[in-house]
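Thanks for making time this morning. I would like to take you through one model, going strand by strand first and then turning to the helix and the pockets.

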Amino acid sequence: MEYGTLEREIHIDASPDVVFDVVSSPEHVREWWPDEADYPPAPGGSGRIVFDQGTDDPKAVAITVVEVEKPRLFSFRWTHPVGEPAATANSLLVTFELVPAGSGTTLKLTETGFREQGWEVAVLEEQYRDHENGWDFFLPRLGQYVDKLAAR
């Protein structure tokens with residue numbers, strides 16, 4: 001296996017405008033992905049997301065927004081060391097592409113940059129599988145959150 005690019009695709013029963021807000025806005029993102037999200041959703045905006053908040057070992061991860069094309073595209077780099085600028089060699093690139101599909105949206109997620117980190121093969125495979133499992137867990141939560149928003 002290559003362990004270079006991770007791709008997922010899901011259908012969400014909401015317009016691209018709604019889905020865009022849910023994947024880009026920190027107040028929405030923290031409802032389906034990390035426990036905390038703090039970043040300006042504009043190109044070059046940087047901040048952090050936090051997993052396992054409220055535990056003895058919270059994990060803060062740096063995030064830098066790369067592209068914002070409402071309602072079509074949102075991308076960011078993450079996993080780079082906090083305090084360092086995001087670059088190809090120290091971060092992963094996540095892209096959410098939103099495509100209208102009937103009365104809903106097809107969300108295409110792509111995460112790249114695993115091989116560029118210079119990890120040994122075992123670490124590369126472990127990191128890839130960790131992210132693969134993570135997106136398989138969190139993307140359905142995104143759809144469930146959008147459903148809750150629509151019900152309000």
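Let me begin with a small question: which residue in β3 does Ala-37 stand opposite? The residue is Ile-49, and before I build on that pair I should say that what you have in front of you is a predicted model.

The pair belongs to β2 and β3, which are joined in the antiparallel sense over three bridges. If we step back to the whole sheet, seven strands form an open arrangement in the order β1-β7-β6-β5-β4-β3-β2, and the pairing is antiparallel. At the edges are β1, residues 5–12, and β2, residues 36–38, each of which pairs on one side only. From one strand to the next, the twist averages 20°. As a general reminder, strands of a sheet pair through backbone hydrogen bonds, and the pairing can be parallel or antiparallel.

Let me now walk across the sheet from the β2 edge. After β2 and β3 we come to β3 and β4, which run antiparallel and are joined by six bridges. Within that pairing, Phe-51 has Lys-59 of β4 as its bridge partner, and I would ask you to keep both residues in mind, since Phe-51 and Lys-59 come back among the residues lining the second largest pocket.

Further along, strand β5, which covers residues 73–78, pairs with strand β6, residues 92–101, over six bridges, again in the antiparallel sense. Here Ser-75 is the residue that stands opposite Thr-95 in β6. The loop between β5 and β6 contains Ala-87, which counts as partly exposed because its relative accessibility is 35%.

Next come β6 and β7, which run antiparallel and are joined by nine bridges; in this pairing, the partner of Pro-100 is Thr-105 in β7. These two strands form a hairpin with two residues between them, and Gly-102, in the turn, has a positive phi of about 65°.

At the other edge, eight bridges join β1 to β7, and these strands also run antiparallel. If you would like a landmark for that pairing, you can use Thr-5, which stands opposite Thr-112 in β7.

With the sheet laid out, I can turn to the helix. Helix α3 lies across β1, β3, β5, β6 and β7, and it runs at about 15° to β1. One residue in this helix that I would like to look at is Glu-132. Is Glu-132 buried or exposed? With a relative accessible area of 15%, Glu-132 is buried, because the cut-off for that term is under 20%. Once neighbours within four places in sequence are set aside, Glu-132 is in contact with Leu-6 and Arg-8.

Before the helix, in the loop between β7 and α3, we find Gln-117, and this residue also counts as buried, at 16% relative accessibility. Leaving aside neighbours within four places in sequence, the contacts of Gln-117 are Thr-88, Ala-89, Asn-90, Ser-91 and Leu-92.

That leaves the pockets. In general terms, rolling a probe the size of a water molecule over the atoms shows where empty space is left. The largest pocket holds about 200 Å³ of space. Which element supplies the largest share of its lining? That is helix α3, residues 121–151, with six residues. Among the lining residues are Trp-33, Phe-51, Trp-78, His-131 and Trp-135, and the lining as a whole divides into five nonpolar, four polar and one charged. To place His-131 against the loop I described earlier, His-131 and Ala-87 are 44 residues apart in sequence and 19 Å apart in space, C-alpha to C-alpha.

The second largest pocket has a volume of about 170 Å³. Its lining includes Trp-33, Phe-51, Lys-59, Phe-138 and Arg-141, with β4 and α3 each supplying at least two residues. By residue class, this lining divides into five nonpolar, no polar and four charged. If you compare the two lists, you will find Trp-33, Phe-51 and Phe-138 in the lining of both pockets.

I will stop there, and I am happy to go back to any of these strands or residues.

Methods
Residues are numbered from 1 along each chain as its sequence is written. This is a predicted model: local features need pLDDT of at least 70, side-chain atom pairs count only at pLDDT 80 or more; totals for chains, interfaces and linings use all residues. Side-chain values use heavy atoms; hydrogens and water are left out. On a 1 Å grid over the protein atoms alone, a cavity is a set of points where a 1.4 Å probe fits but cannot get out, and a pocket is an open set with protein on both sides within 12 Å along at least five of seven lines; lining residues have an atom within 4 Å of a point. Grid points are joined across faces, edges and corners, and a volume is the space filled by probe spheres set on the points. Helices (H or I, at least four residues) and strands (E, at least two) are DSSP runs, numbered from the N terminus. Ala, Val, Leu, Ile, Met, Phe, Trp, Tyr, Cys and Pro count as nonpolar, Asp, Glu, Lys and Arg as charged, and the others, Gly among them, as polar. Two strands pair if DSSP finds at least two bridges between them. Axes are lines fitted to C-alpha atoms, for helices over the stretch in contact, and angles run from 0 to 180 degrees between N-to-C directions. Contact means heavy atoms within 4.5 Å. Buried means under 20% relative accessible area, exposed over 50%, partly exposed in between (1.4 Å probe, protein chains only).
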